[in-house]
Amino acid sequence: MSTGTIERLAPDRVARIAGGLYLAFVLASVLAGVLGHIGMGGVDQVYESIVAHTWSFRLALVVALLSAFLFLMAAWGLYVLLRPVDQHLALLFLLLNAVGVAIQCASMFPLISALLQGDAATHLQAFPAAQLEGLAYLSISVYKTGFVTAQLFFGTWLFPLGYLVYRSGFLPRFLGVILMLDGVGVLIWFLQALLLPAHPGISYPAFVLGFVAEVGLSLWLLIKGVGVTDRGAGSSA
């Protein structure tokens, strides 16, 4: 679907498409975590998934990459919806989201490396088992660092997004406030994971807030949508 085509759709339809894509992204992310501990899983959990549940982990990789695509498409839908409010800020959150998605996808390549170390076709069986395990743990740790790095962009995209939701006039202001608070929470997680990795409890409230903010936005867009008249009023403000 081209940009011109989606822009000819009614704003309410655009909102529901964006909400559906956003909710699909959330569900796919949860599924990737369930199948292979990709995302929030620890290094030991990911390694165990690779060794003991190889097929499930491969499926989790596919789902995780699909979730990244869905996230980018949801951001594009939100860009089309919110661009009349402020074109420059809408472009900013789209770019921040795109960079975050690119980093997140790139961070999964070390996971593929860890997965292939157990593949007979790679001829790595000549190495001692302890060395292969160490290489796998290193690859998973590199992935975790890349995943955390992406949160810098996933946190900052929430500020222009939340501000535009707040200003829009056709979406509830409380959603905009929660999204901006979620941005603060994600940045706290980013800093905690890199500077204080031994204290994950610092970030637990941010995870709860993030779930409420992003699921709340997706469900509102999908179920409630927006009114054409309300959108026009909001964009002229």
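Visitor: Which residues of α5 meet P160, L161, Y163 and L164 in α8?
Guide: This is a predicted model, so let's read the contact straight from it. The contact of α5 with α8 divides into 9 nonpolar residues, with no polar and no charged ones. On the α8 side sit P160, L161, Y163 and L164, and facing them from α5 are L89, A90, L92, F93 and L96.

Visitor: At what angle do α5 and α8 pack?
Guide: Two packed helices are described by the angle between their axes and the distance between the axes. Here α5 pairs with α8, residues 158–168, and the crossing is left-handed. The axes are 8 Å apart, and the angle is about 145°.

Visitor: Is S107 buried or exposed?
Guide: S107 belongs to helix α5, which covers residues 87–107. Leaving aside residues up to four places away in sequence, S107 touches Y143, G146 and F147. Its relative accessibility is 6%, and buried means under 20%, so S107 counts as buried.

Visitor: How far apart are the end C-alpha atoms of α2?
Guide: Helix α2 has 26 residues, 11–36. At 1.5 Å a residue it should span 38 Å, and the model agrees with that: the end C-alpha atoms are 37 Å apart.

Visitor: Which residue follows α2, and what is its phi?
Guide: Several α2 residues are buried, among them P11, V14, Y22, F25 and G36. Just after the helix comes H37, and its phi is positive, near 60°.

Methods: Residues numbered from 1 in each chain as written. Predicted model: local features only at pLDDT ≥ 70, side-chain atom pairs only at ≥ 80, totals over all residues. Heavy atoms only, no water. Helix = DSSP H or I, 4+ residues; strand = E, 2+ residues; numbered from the N terminus. Buried < 20%, exposed > 50% of the residue type's maximum accessible area, 1.4 Å probe, protein only. Contact = heavy atoms within 4.5 Å. Axes fitted to C-alpha atoms, helices over the stretch in contact; angles between N-to-C directions. Left-handed = near helix turned anticlockwise from the far one by under 90°. Nonpolar A, V, L, I, M, F, W, Y, C, P; charged D, E, K, R; others polar. Expected span 1.5 Å × (residues − 1).
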